[in-house]
Amino acid sequence: MTDDTLKLWQVIVYGIEYTIDEETLKAWILAGKIRHEDRVKKAGTNWTEARNVPKLRELLAQAASLQVSNSPSQEKTETPDNSTTIRPGTFPKQPPHQFTPSPGAWKKGDLLVVEDECKLPHRCLKCNSDKDVVRLNYQFSYRPRWPLIFIPVIGALLVMLIVVLLSQHRQMEIWLCRSHYETRYMASILGWVVFVPGFIILVNTMRTNARIEFLICMMTLGAFGIVLAFFGQIAQVLEIRDSVMYLKKVHPDYVKQFPDWPHFI
């Protein structure tokens with residue numbers, strides 16, 4: 001690895017990855033084109049948010065104090081192969097609402113189809129906003145429902161065990177706006193606050209054989225769980241097939257900006 005390579009930075013701005021030198025990186029930060037949550041890395045290191053790098057944190061604070069309102073125009077030079085080269089000290093003009101589809105993501109009707117390791121754009125899945133978005137490593141889970149029809153035959157506990165064994169999970173990096181992130185966080189906290197004492201009461205009613213109290217507790221916890229699932233759910237996993245996941249209840253404006261799913265299945 002050459003010395004010139006070690007001086008280069010990789011940055012992701014509005015979902016697009018660039019390789020730039022350190023002077024250009026500083027210029028972008030001071031111009032407000034790199035935000036605290038944007039990811040950066042140097043050669044041989046791992047991706048991290050800009051605010052986690054001490055030397056960049058100082059520049060970010062300086063940029064905030066300057067309150068840059070007018071951005072300089074983008075400077076480009078055309079190379080013989082018709083590609084665009086970014087000159088040091090300049091930055092690409094990226095409109096805030098411009099959407100850049102990610103490789104490995106498509107739309108299929110109202111479904112969002114994503115492959116494993118897909119990097120989704122920096123937009124909220126719930127409202128399609130790109131303002132003040134928060135990165136979240138979220139685990140999507142698919143639990144089949146067909147075993148539920150066997151509850152009268154083999155019992156609820158055995159059916160739940162089958163559902164757990166057949167469940168599939170996928171970890172993916174997603175983005176939520178601050179409002180939806182905080183709503184989900186509060187729903188999670190409230191869920192634990194209600195579930196723990198409710199579970200203790202449920203076990204106690206089973207021990208004392210208080211059937212009426214048991215049914216009331218089960219109905220209360222079930223209703224509360226449905227309400228929390230509604231507010232806390234980011235997207236519904238319709239199916240996971242091989243390395244592809246089908247997501248429902250993603251904001252329609254977010255979904256429709258992806259290319260059509262090229263397969264018939």
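A nonpolar core is a set of buried Ala, Val, Leu, Ile, Met, Phe, Trp, Tyr and Cys residues joined through side-chain atoms within 4.5 Å. With that idea in hand, let's look around this predicted model.

**View A. The largest nonpolar core brings together 24 residues.** Look for Leu120, Phe140, Ile174 and Leu247, the members that touch the most others in this core. At least two residues each come from strand 8 (111-115), strand 9 (133-142), strand 10 (168-177), strand 11 (236-241), strand 12 (244-248) and helix 8 (252-255). Strand 10 is the top contributor, giving four residues. As background, nonpolar side chains in soluble globular proteins tend to be buried together.

**View B. Another core lies apart from the largest one.** This second group has 16 residues. Trp9, Tyr18, Ile29 and Leu56 are among them.

**View C. Tyr138 and Phe140 make an edge-to-face pair.** The structure holds six aromatic pairs. In this one, the ring centres are 4.7 Å apart and the planes meet at 80 degrees; an angle over 60 counts as edge-to-face, so the pair earns that name. Both Tyr138 and Phe140 are buried.

**View D. Tyr254 and Phe258 form a tilted aromatic pair.** Here the distance is 5.5 Å from centre to centre, with 50 degrees between the planes. Are these two residues buried or exposed? Tyr254 has a relative accessible area of 0%, so it is buried. Phe258 counts as buried too, because its relative accessibility is 1%.

**View E. Three aromatic residues gather in a cluster.** Trp106, Tyr246 and Trp261 are linked by ring pairs.

**View F. An arginine lies over a tryptophan ring.** Find Arg39 over the face of Trp47, 5.6 Å from the ring centre.

**View G. Strand 3 pairs with strand 1 and also with strand 4.** Strand 1 (residues 8-13) and strand 3 (residues 39-42) are antiparallel partners, joined by three bridges. In this pairing, Gln10 stands opposite Lys41 of strand 3. Strand 3 also runs antiparallel to strand 4 (residues 48-49), with two bridges between them. There, Val40 faces Thr48 of strand 4 as its opposite residue.

**View H. A hairpin connects strand 3 and strand 4.** How many residues lie between the two strands? There are five, and Gly44 in the turn has a positive phi of about 85 degrees.

Technical notes
Residues numbered from 1 in each chain as written. Predicted model: local features only at pLDDT ≥ 70, side-chain atom pairs only at ≥ 80, totals over all residues. Heavy atoms only, no water. Buried < 20%, exposed > 50% of the residue type's maximum accessible area, 1.4 Å probe, protein only. Phe/Tyr/Trp six-rings, centres within 6.5 Å; stacked < 30°, edge-to-face > 60°. Lys NZ or Arg CZ within 6 Å of the ring centre and 35° of its normal. Pairing = 2+ DSSP bridges.
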